[in-house]
Amino acid sequence: MVHRAMIILQMFAVGAMAIYAPEVLSGSSSNFAIANGVAQLLVSLLWFRSYLQEPLGKPYSGYWGSVYGLGGLIWIISAYVPSPYIFY
């Protein structure tokens, strides 16, 4: 049940990315960045859930959980960075 709820939340995050995509083309990317960050953090939580449940795949799932978690945090932080500095 938890897995399904997380997948539904991820679908909403991807839907928000689709809604805010036109804003990115007009110069405002903060809403898209937050939606993408949330989507990546949810993927990270799924990897860490796998990390806890499957002992054989701990190195693999721990690595990818960390990668997606860090990526999600970077996307969310980038939503609050002023426009010229986002691209550095």
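**Exercise 1. Compare the span of helix α2 with the span expected at 1.5 Å a residue.**

Solution. Step 1: α2 in this predicted model has 24 residues. Step 2: at 1.5 Å a residue, a span of 34 Å is expected. Step 3: from its first C-alpha to its last, α2 reaches 35 Å, which is close to that value.

**Exercise 2. Find which residues of α2 are buried and which helices they pack against.**

Solution. Step 1: a residue counts as buried when its relative accessible area is under 20%. Step 2: the buried residues in α2 are F32, A33, A35, N36, G37, A39, Q40, L42, V43, S44 and L46. Step 3: these buried residues pack against α1 and α3.

**Exercise 3. Decide whether N36 and N31 are buried, partly exposed or exposed, and list what each one touches.**

Solution. Step 1: N36 lies in helix α2, and N31 has its place in helix α2 too. Step 2: the relative accessible area of N36 is 11%, so N36 is buried. Step 3: for N31 the value is 30%, so N31 is partly exposed; this class runs between the 20% and 50% cut-offs. Step 4: leaving out residues up to four places away in sequence, N36 touches M17 and W75. Step 5: with neighbours within four places in sequence set aside, N31 is in contact with Y20 and E23. Step 6: N31 can also be placed relative to P82, which is 51 residues away in sequence but 13 Å away in space, C-alpha to C-alpha.

**Exercise 4. Describe helix α1: its span, its kink and the residue that follows it.**

Solution. Step 1: α1 covers residues 2-26, which makes 25 residues. Step 2: the distance from its first C-alpha to its last is 37 Å, close to the 36 Å expected at 1.5 Å a residue. Step 3: α1 has a kink of about 40 degrees at Y20. The proline P22 comes shortly after this kink. Step 4: just after α1 comes G27, with a positive phi of about 110 degrees.

**Exercise 5. Explain the spacing of the buried residues M6, Q10, A13 and M17 in α1, and say what they pack against.**

Solution. Step 1: M6, Q10, A13 and M17 are buried in α1. Step 2: the numbers rise in steps of three or four places, and a general rule about helices applies to such steps. An α-helix has 3.6 residues a turn, so residues three or four places apart point the same way. Step 3: the buried residues of α1 pack against α2, residues 30-53. Step 4: take A13, found in helix α1, as the example. Its relative accessible area is 7%, so A13 is buried. Step 5: not counting residues up to four places away in sequence, A13 touches A35, V38 and A39. Step 6: a distance within the chain can be added, since A13 and E23 are 10 residues apart in sequence and 16 Å apart in space, C-alpha to C-alpha.

**Exercise 6. Find the span of α3, its buried residues and a helix that covers them.**

Solution. Step 1: α3 has 21 residues. Step 2: its reach from first C-alpha to last is 30 Å, close to the 30 Å expected at 1.5 Å a residue. Step 3: S61, G62, G65, G69, G71 and G72 are the buried residues of α3. Step 4: α2 is included in what covers them.

**Exercise 7. Characterise the largest pocket by its volume and its lining.**

Solution. Step 1: the largest pocket holds about 300 Å³ of space. Step 2: 15 residues line this pocket, and S29, S30, S78, I86 and F87 lie nearest its centre. Step 3: α2, α3 (58-78) and α4 (83-86) are the elements that give two or more residues to the lining. Step 4: α2 supplies the largest share, 3 residues. Step 5: sorted by type, the lining has 9 nonpolar residues, 6 polar and no charged.

**Exercise 8. Summarise the whole protein chain.**

Solution. Step 1: the chain has 4 helices and 0 strands, in the pattern α-α-α-α along the sequence. Step 2: its C-alpha atoms fill a box of roughly 45 × 30 × 15 Å along the principal axes. Step 3: 25% of the 88 residues count as buried. Step 4: among contacts between residues at least 6 apart in sequence, 62% join residues at least 24 apart.

Methods:
Residues numbered from 1 in each chain as written. Predicted model: local features only at pLDDT ≥ 70, side-chain atom pairs only at ≥ 80, totals over all residues. Heavy atoms only, no water. Expected span 1.5 Å × (residues − 1). Bend = angle between axes of the 7 residues up to and from the residue. Buried < 20%, exposed > 50% of the residue type's maximum accessible area, 1.4 Å probe, protein only. Contact = heavy atoms within 4.5 Å. 1 Å grid on protein atoms, 1.4 Å probe; cavity = no way out; pocket = protein on both sides within 12 Å on 5 of 7 lines; lining within 4 Å. Points joined across faces, edges and corners; volume = space filled by probe spheres on them. Nonpolar A, V, L, I, M, F, W, Y, C, P; charged D, E, K, R; others polar.
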